[in-house]
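Work through the two exercises below with the structure open beside you. Each one gives a task and then a solution in steps.

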Amino acid sequence: MCGIVGYVGPKDCSEVLVSALTKLEYRGYDSAGIAVFDNGEIKTVKTKGKLKDLEDKLNEVGKPGGNVGIGHTRWATHGEPSDVNSHPHSGARVTIVHNGIIENYIELKEFLVSKGKTFESDTDTEVVTQLLDYKYNGNPLETIDDVMAELKGSFALGIMFKDFPDRVFAVRRESPLIVGVAEGESFIASDVPAILKYTRNYYLLDHDEIATLTKEGVTFVDEHLDPVEKELKTADWDMEAAEKGGYPHFMIKEINEQPEAIKTTIMPRIKDGLPCLEECGITLDKIKDFNNITIVACGTAMHAGMVGKYVIEDLARVPVTVDVASEFRYRNPIIGEGDLVIIISQSGETADSLAAMRLAKQKGAATLAIVNAKGSSIAREADMLIYTLAGPEIAVASTKAYTTQLSVMYLFAFELALAKETVSSAECKRLVSALMKMPEAVQYVIDNCEKKCKYIATKLITADSLLYIGRGLDYALSMEGSLKLKEVSYIHSESYAAGELKHGTISLIEEDMPVIAVATQTDVIPKTVSNIVEVKSRGAKVILVCTDICARELKDDVANYVVEIPHTDELLMPITAAVPLQILAYYTAVNRGNDPDKPRNLAKSVTVE
């Protein structure tokens, strides 16, 4: 949701802000803007559209010349995408950029209108601007602190005061914001990639802390305006990792990065052939008494949790419930002491997931976070933490974050099964050995299936709707395949347990309707094939993703197109089988003229409910 940047230093501020925003455009791309101190005045340039539209406008009207400023890419929440609703927003003495949602903006707006304030936009952001302007007493820190006490919601703000042209202020509550530092310059950004071109050193801003950026450095105060000393952190990946590296899109680059990402995620957590999660706060003694597990997540992360449910229940014989975070929060879940709640989130800032974790902790449950973003809110607040080491994932549609989440779920399931003594040490070593072979298996699929998937994608261009079907683990994977396709291609898609088709959904099948079937689980392949035959006999165009063993046993007319992947341990097949589904979604989007990195209406980090 929205990207924030800010800069104070010797460089051309406009250049720095636009460059930084290019690394955050995945967070919001329906409008963009910058505000820079130019000869003591704040000059703002903003426009509806993507960052390229802002660059065109800057070339047309002239870039502000200065060394202090803030910038923004917007994902609309209040008010349609338009020039006037774009950020930055300015009052008489204050200019701000904002990520998140102000929940009580209506009552605040009514108060400000009663005090004579007028509003140009439909945004909640302008309410904060006007409130800061109304309360400004000449002391920025006191004013920001005063306003923070009145705001409800989750948000991050970059702020400039007209009479302090040498500095930028920043504050956050729930929404992500970092403060980068280099010699003689400082930055704010919603995410690390924005500053990697300039520095890898940064501070994590805690809730309600206020940062002041000047060319001399950065200072921090807490909600009581007392000084705060903070630990300087260093990003463990560089600029190259956040660039396309010759690929046409980040999505296909990140699909190709999966073998290395999986390897990087699993290898440090294996010792003597067994899973070792002690560095994550997880030991056999600590987890052996958990008798109920709830996995809470959103979107792709929830689908990783669905695979985790199958694997944990199969190996450790512990019942697992998978819940969408936005539903978990409001159904008064039955959890408490002795239960484990696993929160999965790529960004570690997903608003519903964070709130769900806090609810679980309030009810006395232990919490385990599986996240990719280091130092994120979920990572910092969980009782136990396993980082997926996927590196930066820039494309909105998740690929390598998903397969690394799966990899972590397998490691945890193996460890839990050992703790519960439901598998032997020898069997666990066999499973770990199979997991260690997954990077090679994924690389094989990328090398040998991309051409076939690219061809099949040409057959989906004109589809209005399609189905994904599978059984067991294949059904869990089909959910993610269906989401990936609709995210980037905008084709309506649904996933169904193959055995459920006869209970209503098969009525949707018509001539040439695509049905993508996944069949990697030997014990249910005959059943899945029967379901494939049922839809094909009703005119469906069937695309089958299956193991090479399954493919050899199929009759030629079972499917219209077959994508073969190598047979591995069947429990681990979702990792390899995910790859052709990702590639199909990517090329379908490209063939339809879509930008797969920035699908409409979506944002990478969902920091609002």
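**Exercise 1: a strand and its partners**

In this predicted model, Phe 169 has Thr 212 of β12 as its bridge partner. Starting from there, find which strands pair with β12 and in which sense, and work out whether the residues of β12 are buried or exposed.

*Solution.* Begin with the strand that runs through residues 168–173, β8, which is joined to β12 by four bridges in an antiparallel arrangement. Next, turn to β13 (residues 217–221), which also pairs with β12 in the antiparallel sense, here over five bridges; within this pairing, Ala 211 has Phe 220 of β13 as its bridge partner. The connection from β12 to β13 is a hairpin of two residues.

Now consider the side chains. In a regular strand they alternate between the two faces of the sheet. In β12, Ile 210, Thr 212 and Thr 214 point one way, while Ala 211 and Leu 213 point the other way, and all are buried. Strand β12 (residues 210–214) is therefore mostly covered, with five of its five residues buried, that is, under 20% relative accessible area.

**Exercise 2: the whole chain**

Describe how compact the chain is and how much of it is buried.

*Solution.* First count the elements: the chain holds 19 helices and 26 strands. Its radius of gyration is 25 Å, close to the 25 Å that the globule rule gives for 609 residues, so the chain is as compact as a globular protein of that length. Then look at burial, where 62% of the 609 residues count as buried. Finally, of the contacts between residues at least 6 apart in sequence, 72% join residues at least 24 apart.

Methods. Residues numbered from 1 in each chain as written. Predicted model: local features only at pLDDT ≥ 70, side-chain atom pairs only at ≥ 80, totals over all residues. Heavy atoms only, no water. Rg over C-alpha atoms; globule rule 2.2 N^0.38 Å. Buried < 20%, exposed > 50% of the residue type's maximum accessible area, 1.4 Å probe, protein only. Contact = heavy atoms within 4.5 Å. Pairing = 2+ DSSP bridges.
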